[in-house]
Amino acid sequence: MDQLILNDLPPLLDMKTNSPKSSLDSLIQLLYALVILLLGLMAYLFFGQIRSHKSVADNTDSSAVFIQLDSNFTHVWTAPSDWRMMYLPAGQKELVLYGRELIAHTSDYLGPKGSVRAMSNGMNCQNCHLKAGSQPWGNNYFAVESTYPKFRARSGTIENQIKRVNDCFERSLNGMKLDSTSKEMQAILAYIAWLGKDVAKDIRPKGSGIFKLKFLKRATDPEKGKLVYDAKCQSCHQSNGEGVFAEGGKSYTYPPLWGMHSYNEGAGLFRISNLAGYVKYNMPFGTTYEKAQLTDEEAWDVAAYINSMPRPGKDLSKDWPDISGKPFDHPFGPYVDSFPESQHKYGPYKPISDWIKKHKKSKS
Ligand code: HEC
Ligand code: HEC
């Protein structure tokens, strides 16, 4: 077949190969190539325009899928790729990987039936720090290496990474401190440092930590939140909020949201603003910042419901040595302002937040 076609074409081929290429010919070829490139670029730009116009239109149509165009959610920071670990010094890569394993499967090593030491409640760090702390707006660790050590008003001291990790062990995992010289602590620190390795000092890259939602005008409402919970959360976290154990009972398939095995009253998620921001862009499980499933109201209300339920206490008498440093939604008094505890816990938050801003300004 090929042979046949070739045989049919000798004059043309001959003509091409025999005639010496003049410089004019190659100039024309170059021009053709340029024109084709230019056309391609124009087509790309033109269709790109249509696409982005379409998503703007979709966004105003209530039946359309929710498309985020908010600049908060474009070009968010992401974790360094794994292949770059090959540049780490010998032994360091193993330590980083062990750290990631400990974040993802904490309970297997340090939970009630942990293989290293029993010192926490059965939850994994990853239950709250999604994808081992690498998910944008999923309570990730992108800004830890760049911002610690730092002063934290909760303890009234300058805290390093070890203290911060142990805060979560003692509060979020309702457990004990991890020895700072242990291989496990060194591994967790190495992994956190790896995630933040490209972030400049004092910078919090876009997408770090938990998203801050706009305040509602009203107080958050646990009763409305229960309706959201029953419809969208209890299938996994259960109607008693206690979650579901994995086979073997070493850790959770669906972690608890309240009850004796959940985070305690000193934990970051016990502040409704943190919980609402976490839930909005990460729950129901599988949700990401690119496609939220709850409205802001639903996120605030379901957070109010979850944090109205019983959970372990904690001696908080040493927290906030200077009470003027308490955040607007810290649920326990005394406060420098005169808003009641219930308003600090459930809102409306704006009056409190405004008061705090004004007070801070007049001080400085
Ligand atoms: C129940 C949920 C939960 C669990 C489980 C949890 N954390 Fe956290 N963690 C939080 C929240 C919420 C914050 C942010 C608190 C805030 O900003 O006030 C946080 C903050 C942190 C920070 C500081 C982040 C920053 O940018 O300042 C580190 C480090 C951290 N956690 C480590 C861990 C480690 C290590 C574990 C496992 C041993 C763990 N956490 C388990 C909820 C959790
Ligand atoms: C499809 C199952 C599923 C549904 C539905 C779901 N979650 Fe979760 N949730 C999970 C899983 C799984 C995790 C732990 C994620 C991990 O370890 O990677 C989690 C973690 C959490 C956490 C942090 C860990 C903890 O236990 O405190 C909170 C808070 C949470 N979910 C709240 C909610 C809320 C509120 C809803 C409803 C709006 C919801 N979830 C719906 C599966 C689900």
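**Reading a helix pair, a ligand shell and a loop residue**

Tutor: In this predicted model, the axes of helix 13 (residues 272-280) and helix 14 come within 8 Å and cross at roughly 130°.

Student: How are two packed helices described?

Tutor: The description rests on the angle between their axes and the distance between the axes. Here, the angle makes helix 13 oblique to helix 14. The crossing in which helix 13 passes helix 14 is right-handed.

Student: Which residues of helix 13 and helix 14 make the contact?

Tutor: Helix 13 contributes Ile-272, Leu-275, Ala-276, Val-279 and Lys-280. From helix 14 come Asp-296, Ala-299, Trp-300, Val-302, Ala-303, Ala-304 and Ile-306. Sorted by class, this contact of helix 13 with helix 14 comprises 10 nonpolar, no polar and two charged residues.

Student: How many residues surround ligand 1, and which are the closest?

Tutor: Ligand 1 is surrounded by 23 residues, the closest being Cys-125, Cys-128, Cys-168, Ser-172 and Gly-268. Two or more residues of the shell are given by helix 6 (125-128) and by helix 9 (161-170). Helix 9 gives the most, with four residues. By class, the shell around ligand 1 holds 14 nonpolar, eight polar and one charged residue.

Student: Turning to Asp-315, is this residue buried or exposed?

Tutor: A count of 12 or fewer other C-beta atoms within 10 Å marks a residue as exposed. Asp-315 is exposed because 7 other C-beta atoms lie within 10 Å.

Student: Where does Asp-315 lie?

Tutor: Asp-315 belongs to the loop between helix 14 (296-306) and helix 15 (341-346). Its C-alpha is 8.1 Å from that of Gly-266, although Asp-315 and Gly-266 are 49 residues apart in sequence.

Key. Residues are numbered from 1 along each chain as its sequence is written. Chains are lettered from A and ligands numbered from 1 in the order in which they are written. This is a predicted model: local features need pLDDT of at least 70, side-chain atom pairs count only at pLDDT 80 or more; totals for chains, interfaces and linings use all residues. A residue is buried if 20 or more other C-beta atoms lie within 10 Å of its own, exposed if 12 or fewer, and partly exposed in between; C-beta atoms are placed from the backbone. Axes are lines fitted to C-alpha atoms, for helices over the stretch in contact, and angles run from 0 to 180 degrees between N-to-C directions. Angles under 35 degrees count as roughly parallel, over 145 as roughly antiparallel, 65 to 115 as roughly perpendicular and the rest as oblique. A crossing is left-handed if the near helix is turned anticlockwise from the far one by less than a right angle, and right-handed if clockwise. Two residues are in contact if their C-beta atoms, placed from the backbone, lie within 7 Å. Ala, Val, Leu, Ile, Met, Phe, Trp, Tyr, Cys and Pro count as nonpolar, Asp, Glu, Lys and Arg as charged, and the others, Gly among them, as polar. A residue is near a molecule or strand if its C-beta atom, placed from the backbone, lies within 6 Å of it.
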